[in-house]
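Grab a pencil and keep the viewer open. Here are a few exercises, each with a solution worked through in steps.

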Amino acid sequence: MKILHTADWHLGKKLDHFSRLEEQKIVMNEICEIADSQNADVVIVAGDLFDTFNPPIEAIDLLYKTLKRLTNNGKRPVIAIAGNHDSPDRIDSPNPLARECGILFVGNPDVTIPTITIENGFEITQSENGFIEIQLPQYDFPIRIITTPYANEMRLKTYLGAENKEQQLNQLLQDSWAALADKYCDTKGVNILTTHLYMLKRGGEILEEPDGEKPLRIGNADIVYTDCIPNQMQYTALGHLHRFQNVGGHPSPVVYSSSPLSYSFSEAGQEKKVVLIEAQPNEAVKFTGIPLQSGRVLHRKRFENIDEAVSWLLDNPYCLVELTLVSDTFFTTQDLKKIHESHDGIIFIIPIVNKNGADNKDAPKVNLEQDIQGLFKDYFVSKHKQEPNDELLDLFNEIIGSQAKND
């Protein structure tokens, strides 16, 4: 059985002011093509379908069109859980209609998907809060999936029925998952867990959450350790962290598939992937990260010469750039205009002016007998350790001249 694992789509996401929707349309098409070309039997989307609780109409439209296409006309079940960026109620709301198309949404942790037979497709043979068993017509064994969408600690405790509200989150999840696994996940089917949590190998290094991501780890209170996962699970499909990685700490793979695009400059240089899992009952799975090719590459570039920066920008048109410009003087508006006209994907410009002047304690005393232009130059040097450029001096003289006329 082939299972495609993807996560953290963040549909509707912007990088500062720059919309990523057109790139998202392209990469969603690529994921659909991979599912078809690899003959995936099941697709799991492990949370953060949207970037905000109230996504734009275009993002909602893209989600439903993508999921419908992934179902292959109801023959391929698509399980999509809510992440911390998603409104769980919004994810759950289209459930009755979506199920008829082969899309199984899980927004809140207490969702129970009813047993159902999809015409010319698959059958949900067993179901309970946080669990589904699916029988595909092409296999003589089922796939069992434990589903835990994101919720904060108190909501998880409420939904999962913790009698003691002080019960630790790790123990609560371990008990809940173990109960489902012991009840349903024998060696006669494929057993998968999917969740949107911050998971870590016990004793392992802290994994950094992406820039701009709503943090799940506050101190160490919300870390869920991988030794909570039942031994029956053959693969754990995670969402939240945007880098492809096998967390470890469990006999079977515990994998963040990565986001489909780089959504912050801290992700510059990361290779984005979806994961193809090949699974049989009672055997170790094989999993392969399939690189995604779509979307603009993110670059952090540093230049000390405007012409060199412009040349690089012209040679690399289809990317998004955080541009650091180093200079001995302040940049003119003409310099910045030249930069912006050379590229449509400049997200940030970070100017750095070298401060080669002496420290304040060594600065000469200001000559108060000089004219106002001289005083302005001395002030500028004391403040910025640089001489003002001609454009600044012309602007200062224009302001002084205008004030003199008014007087």
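**Exercise 1.** In this predicted model, work out how many residues of strand 14 (residues 235-239) are buried, and what that says about its surroundings.

*Solution.* Start with the cut-off: buried means under 20% relative accessible area. Five of the five residues of strand 14 pass that test, so the strand is largely enclosed by the rest of the structure. Next, split the strand by face. In a regular strand the side chains alternate between the two faces of the sheet. Here, one side carries Tyr235, Ala237 and Gly239, the other Thr236 and Leu238, and all of them are buried, which leaves both faces covered.

**Exercise 2.** Find the strands that are joined to strand 14 by bridges, and pick out the partners of Thr236.

*Solution.* Take strand 11 (residues 190-196): five bridges join it to strand 14, and the two run parallel. Within this pairing, Leu193 stands opposite Thr236. Now go to strand 16 (residues 254-256), which runs parallel to strand 14 and is joined to it by three bridges. There, Thr236 has Val254 as its bridge partner.

**Exercise 3.** Is Arg296 buried or exposed?

*Solution.* First place it: Arg296 sits in the loop between strand 18 (286-291) and strand 19 (297-303). Its relative accessibility is 12%, so Arg296 counts as buried.

**Exercise 4.** Which residues gather with Glu398 in a patch of negative charge?

*Solution.* Glu398 belongs to helix 10 (residues 390-406) and is exposed, at 56% relative accessible area. Its companions in the surface patch are Asp390, Glu391 and Asp394.

Definitions and conventions: Residues numbered from 1 in each chain as written. Predicted model: local features only at pLDDT ≥ 70, side-chain atom pairs only at ≥ 80, totals over all residues. Heavy atoms only, no water. Patch = residues over 30% accessible without salt bridge, like charges linked within 9 Å, V, L, I, M, F, W, Y side chains within 5 Å. Areas by Shrake-Rupley, 256 points an atom, 1.4 Å probe, with all protein chains shown as cover. Salt bridge = Lys/Arg side-chain N within 4 Å of Asp/Glu carboxyl O. Lys, Arg positive; Asp, Glu negative; His and termini not counted. Charge placed at Lys NZ, Arg CZ, Asp CG, Glu CD. Helix = DSSP H or I, 4+ residues; strand = E, 2+ residues; numbered from the N terminus. Buried < 20%, exposed > 50% of the residue type's maximum accessible area, 1.4 Å probe, protein only. Pairing = 2+ DSSP bridges.
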